Amino acid sequence: MSLTQNCDIYVAIKDEGINRTIQLIMQQRPSLFNYGTNDLNSHPSIVCNPIDAHGSVRAAGNPLLTPIKPVPVVGSSPNSFIPACFQINDFKIDFYKNDQFTMPQEISLNNQQLAVYTKISVGLGCPTPDELRSFLESIKIYKRIPDFRREIFIPTRNLNCFSLEFFATTSMKLGPSLAKLSLEDFEIKDLTPTEMENMIECYVMLVAKLMLPQIEDMLLKEMVKTRKLPDPPDPSGPEINIKISPSAQVPNNPASEDDQLKLFLNIDYLTMAYTISQLSGSGPKPITKIEKPRIRTGPSDMTVAISEDGFKKIFQAAIQGIKFSFEDTIGSTFTIHYKIVGKLKGGSINFENNYMEIKELDIFWETFKITFGVDVPTIPIIPSGCLDIPFDGTVCSPGYSLFTKNPDLSIPIDVSGFTSEVTVFRANLKTWYTTYAGGINKWEFHLDPLLPIQIDFVDLADTIADKLEDFLDNVINILSIPSWAKAAVDAAKDLIIDTIRAALDIPSDILAWVQTLLVDVLDLNDNIWKWIKDFFDVQVALFAFEDPLTVLPETDKFTHIPALKDLYDPVAINQTINPPLVPVKLPIEYIGIEINNNELIVKADIGATI
Amino acid sequence: MTTLNFNLNRSLFEKKDYDSKFVSVLQSLHHRFVNEGHYTCNIYNRNRLLKTINISVGKENKALTNNLDINEILRNRYDHYNLSTNNYFGFYVSDGFMQYSISIYSSKSKQEIEFDSSNLRMNDIFCVSFIKPGKYIVENRLVSARMLVEVFPFDKRSVRPKKIEVKDKFESERIELMQTETLFFIVNNEKNNQIVVRYTDEQSDTKDSK
């Protein structure tokens, strides 16, 4: 059974992959999970649970805790505070069946549910007797200062801590106009007295019941939106307008089963606008490229499948939205300036085992202008002459020449408005793992054309040949140099013709020459096949990203979570972090693409370490 | 028929008449700067100011002569030129059918006119290159002097520049030149001068090829 039997797009994520990702983020951006008074950033080893920070974070000297306010000592004078910390030590997700963490007896994970596990630690400063004595001595001094109003921080390296483990089970239902979230059960492990546990659990359930409808509303609003991608817009890439909605054709959407969360989506609306203006990849070439094998077994961390029908929607959007526009001048003495604007029309796409086939695709050449230019050598007609004028110096007259511009001759040929048919185009998709200079690794998706492409350039060569022949027949008349100037420019006239012929290397058979030109210079004949294969398979990736993939960029500011805004230390939270927090990167261990009769499937695994 | 864009410099073959009020193809104007200083030079076409350039004249300047193509001046952003004192500064047009008038005055005051193409003065030079064979009447309109220039077809002799001094009258009443040779009219009087060269002898013109 195909993955996309009841939808256009199938997305499945595996709990183990999500948990590996969370672990990697925790290691590389510990301040997202650890909160403490700013003094603890100088002594992070005294917090409740050791922070497992990545080597790059420690090497950069990044703060491990997001600064929060200290806890006031009630009734103290002057106002005194003690350090505190709050840590999320562990956070895991489990899709049915339960295999990512052990659940307490009071709660269970049922079919189509997902479970969340969180372990937190809370610590509060407790000065040792020596620390307290020393502090009280200093208080006496402060009290002698009239109107002393400063807030005093009680320095201590002793924190008393406790930990709590939370378990929750939830369920979710999505449809074209449905978003339903439920907190099924909530359990705090081993909290006593039992009455307090009951009280907290009841409160959490109450909060969930009141908060979830708001989240459902937000989800619904987001689902019916037509999105503009990419966000933020990238002028060099395609602009995509897309509306995707959950499929109603499956009993459980999303389905929480087989340790995966499976989403079934349909493409409701899709448009694309993209002008391709680069003929060949001009960027650096990889030093090595390999097809990296998968090392894990079982379902991938992420699986995305696009059905043949779904891909047809994408293909049609691409046909309507993609335009190519090339303009350049090549050569020096003999130049060819070309301006080519093409649009795609028609065409159908089908999936076969291991390739996709595009048939009856037309390319409409909206603009097809080629201007041949020749820089004829400058021919002096009137020489410069200098005259010595006694006592006054020398004065020189200017010389005058023919063919002082470049190009001196230009032959514009405009054959705009014809249509070429791409008879059959077959291609597979490949993923390459490439290494570039400087040790940069990338995952690259390439189109791998399989059959020689046949583009029918209807009579293009004949048209250009006719126009050039016409020009050469008339070149003598076109020059129309007066006979009285013949003596002066006779040599020049011969030179003009010779130069044009030499520069263009025009043989007697103009048509053959044009065909050669199209192959050698513009690659518009049979050699276009080699060029297309090289272009897609080697030079231009359909999509590429660096490995490891940056998911959170470098930043010199702490992340502000609105829900925690009252906890943050108002001064320390806004300070510039120097050096900045290192970026969070995910190692992409494997990506594979396959095409079968029904769908295109992309599978990816996240690595365990970075 | 295929359209052909052909930059032949056709103006060279269509030029028949010359007027020292202007700089255009095959005719140039040269002025000798005697006094050191900074000068402002305006270039006009049909009384429309096209460009202003600055000319610094001084003994320390190395340039002994400076011939500027007005086409280049108009294309370039560069607008400052140097000349060594007592040397000639010239203007010409390399191709095209445009004609330009020139006026140069001291940068200190617009009243101190140094050169005006409409009134050539002592030591100014008007250079004319002849490409079309035939007879030409030369007139100095402001002093009512006339002479004849007879241009013979090119015969592969070496081309040499010729000069005519322009006093109250022209130095000679008649001069023979070969096609493509240049004639320097050197003003040597205290009056205003305007030299006009007009092609007259259609009879000796061989027929143009079609």
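This passage describes the sheets, the nonpolar cores and one loop residue of a predicted model.

In chain A, which has 610 residues, buried residues account for 27% of the chain, and the secondary structure consists of 9 helices and 32 strands. Among the contacts of chain A whose partners have a separation of 6 or more, 72% link residues that are 24 or more positions apart.

Within chain A, an open sheet is built from 6 strands in the order 3-2-6-7-9-10, and its pairing is mixed. Strand 3 (66–67) and strand 10 (178–188) of chain A each have a single partner strand and stand at the edges, so one side of each is left without a neighbour in the sheet. In general, the strands of a sheet pair through backbone hydrogen bonds, and they may do so in either the parallel or the antiparallel sense. The pairing of strand 9 (residues 159–175) with strand 10 of chain A is antiparallel and extends over 10 bridges; here A:Phe167 is found opposite A:Glu187, a residue of strand 10 of chain A.

Strand 6 (84–95) and strand 7 (114–125) of chain A are linked by a loop, and A:Gln105 has its place in this loop. Because a residue counts as exposed when 12 or fewer other C-beta atoms lie within 10 Å of its own, A:Gln105, with 6 such atoms within 10 Å, is exposed. Although A:Gln105 and A:Lys189 are 84 residues apart along the chain, their C-alpha atoms are separated by 9.7 Å.

In chain B, strand 4 (residues 37–45) and strand 9 (residues 101–106) run antiparallel and are joined by 6 bridges, with B:Tyr39 opposite B:Ser106 of strand 9. Strand 9 of chain B is also joined to strand 10 (residues 113–116) of chain B, again in the antiparallel sense, by 3 bridges, and B:Tyr105 stands opposite B:Ile113 in that pairing. The connection between strand 9 and strand 10 of chain B is a hairpin, which passes through 6 residues.

The largest nonpolar core comprises 65 residues, of which B:Val23, B:Ile102, B:Phe126, B:Val128, B:Phe184 and B:Phe185 touch the most other members. Strand 16 (residues 182–187) of chain B makes the greatest contribution to this core, giving 5 residues. When neighbours within four places in sequence are left aside, the contacts of B:Val128 are with B:Tyr18, B:Leu26, B:Gln27, B:Thr182, B:Leu183 and B:Val197. Another core, of 40 residues, lies apart from the largest one and includes A:Leu263, A:Phe264, A:Leu265 and A:Phe311. In soluble globular proteins, nonpolar side chains tend to be buried together.

Technical notes
Residues are numbered from 1 along each chain as its sequence is written. Chains are lettered from A and ligands numbered from 1 in the order in which they are written. This is a predicted model: local features need pLDDT of at least 70, side-chain atom pairs count only at pLDDT 80 or more; totals for chains, interfaces and linings use all residues. Two strands pair if DSSP finds at least two bridges between them. Helices (H or I, at least four residues) and strands (E, at least two) are DSSP runs, numbered from the N terminus. A residue is buried if 20 or more other C-beta atoms lie within 10 Å of its own, exposed if 12 or fewer, and partly exposed in between; C-beta atoms are placed from the backbone. Two residues are in contact if their C-beta atoms, placed from the backbone, lie within 7 Å. A nonpolar core is a set of buried Ala, Val, Leu, Ile, Met, Phe, Trp, Tyr and Cys residues joined through C-beta atoms within 7 Å.
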